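I opened a fresh notebook page for this one. My plan is a walk through it, entry by entry, with the coordinates alongside.

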Amino acid sequence: MTGSPQAPRCVVFDLDGTLTDSKQPLAPRMAAGLRDLLELRPVAITTGGTWELMDAQVLRHLDAPEPLLGRLYLLPASGTCAYHRVDGGWLRQYSRDLSAEQKVRIVDTLLSVAAELEILVADPWGELIEDRGGQVTYSVLGQRAPLAVKEAWDPDGSSKEALRQLVQERLPDMAVRSGRSTSVDVTRPGVDKAYGVRELARSLELPLSTVTYVGDRLGTGGNDEPVRSLQEVICIEVSGWQQTAAWVEALVARARHDGPERDREPLADSPTAATGSHR
Ligand SMILES: [Mg+2]
């Protein structure tokens, strides 16, 4: 991890590898840290995964009261869509979906490149490909592969990087990124986690320089890398949720020490555009 606790007015966290292990639930210590932080300022969580995964990994384990949920923003599918809590339900603020033609082309390319690299699994754990609206995700071992199996596959990341690079070459009009584990995400360029962070800052009327982003894959080709293009956003790289929990605890302790008046944010306004919801 680089950087000491800053005094951001809003913190955006990646999910897998940052707040949780891959596709695993939020640990009690991390949940407590997020609740403490939500007392002080808006928090957003972004992931390559779906809203349903965020629900299973985060919301069912966060145990936050309604006023705190009103400060939480969810940016699934790599920020290609966004949700905010309104009147006890999750309201979709936007969704920047790929076209049907783009999705077909992406799926065909992912499968043909995987076959070419001889990493196409004949009997995967669940679906290999998931349509996430604004993003198509390819999970090399299948969507439901056990964590231990995923960690044992391609430990140096070379096979996944070969897949990512070749798919990127074949889809020059798309952005191809990889997560920590075994998945590769394809979105339109410019509609990614950076887009999600920028839209969030705009909706909260916060300068980007007051936003801090915490992620585990900020390096080249990583799925947090786009956020680095927002040069004003302070980016913190972590290597697991325990490190994130320690960072959050230090930030909360410092904010409390500095005094609630200086750090506390008013509850954010309701979103202006509503196109769907989850309850
Ligand atoms: Mg991650």
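**Entry 1: ground rules.** For helices and strands I took DSSP runs numbered from the N terminus, with H or I and at least four residues for a helix, and E and at least two residues for a strand. By that rule I can place Asp87 in the loop between E4 and strand E5 (89–95). I am working on a predicted model, where local features need pLDDT of at least 70, side-chain atom pairs count only at pLDDT 80 or more, and totals for chains, interfaces and linings use all residues. Residues are numbered from 1 along each chain as its sequence is written, and side-chain values use heavy atoms, with hydrogens and water left out.

**Entry 2: the whole chain.** I found ten helices and twelve strands in the protein chain. For burial I used relative accessible area with a 1.4 Å probe on protein chains only: under 20% is buried, over 50% is exposed, and in between is partly exposed. Of the 279 residues, 55% count as buried. I called it a contact when heavy atoms lie within 4.5 Å. Among contacts in the chain with a separation of 6 or more, 66% join residues 24 or more positions apart.

**Entry 3: the core.** A nonpolar core here is a set of buried Ala, Val, Leu, Ile, Met, Phe, Trp, Tyr and Cys residues joined through side-chain atoms within 4.5 Å. Which members of the largest one touch the most other members? They are Phe13, Leu34, Ile45, Leu62, Leu72 and Leu74, out of 38 residues. The elements that each supply at least two residues include strand E1 (10–14), helix H1 (28–40), helix H2 (51–62) and helix H9 (241–258). H9 gives the largest share, seven residues. I then looked at Leu62 and, not counting residues up to four places away in sequence, saw it touch Leu26, Ala31, Leu34, Arg35, Leu38, Leu69 and Leu72. Leu62 is also one of the buried residues of H2, together with Trp51, Leu53, Met54, Asp55, Gln57, Val58 and Leu59. Just after H2 comes Asp63, with a positive phi near 55 degrees.

**Entry 4: H1 against H9.** I fitted axes as lines to C-alpha atoms, for helices over the stretch in contact, with angles running from 0 to 180 degrees between N-to-C directions. H1 and H9 pack at about 35 degrees, and their axes are 9 Å apart. The crossing is left-handed, a label for a near helix turned anticlockwise from the far one by less than a right angle (right-handed if clockwise). On the H1 side I listed Arg29, Met30, Gly33, Asp36, Leu37 and Leu40, which meet H9 residues including Trp241, Val248, Leu251, Val252 and Ala255.

Leu37 deserved its own look. It lies in H1 and counts as buried at 0% relative accessibility. Beyond four places in sequence, Leu37 touches Val11, Phe13, Val43, Val248, Leu251 and Val252. Its C-alpha atom is 9.2 Å from that of Ala255, 218 residues away along the chain.

**Entry 5: the magnesium ion.** Donors are N, O and S atoms within 2.8 Å of the metal (3.2 Å for Na, K and Ca), and water is not among the atoms, so sites may look incomplete. Which protein donors does the magnesium ion have? I found Asp14 (OD), Asp16 (O) and Asp216 (OD), lying 2.2 Å from the ion. Along the chain their spacing reads D-x1-D-x199-D. Asp14 is buried, at 3% relative accessible area, whereas Asp16 is partly exposed at 21%.

**Entry 6: positive phi.** Ser78 is not a glycine, yet its phi is positive at about 55 degrees. It sits in helix H4 (residues 76–79) and is buried, with a relative accessible area of 6%. Back at Asp87, I read a positive phi near 50 degrees, again in a residue other than glycine. Is Asp87 buried or exposed? Asp87 is exposed, at 72% relative accessibility.

**Entry 7: two last stops.** Glu66 lies in helix H3 and is partly exposed at 38%. Setting aside neighbours within four places in sequence, Glu66 contacts Arg85 and Gly88. Leu166, in helix H7 (residues 158–170), counts as buried at 16%. With the same neighbours set aside, Leu166 is in contact with Val113, Glu116 and Leu117.
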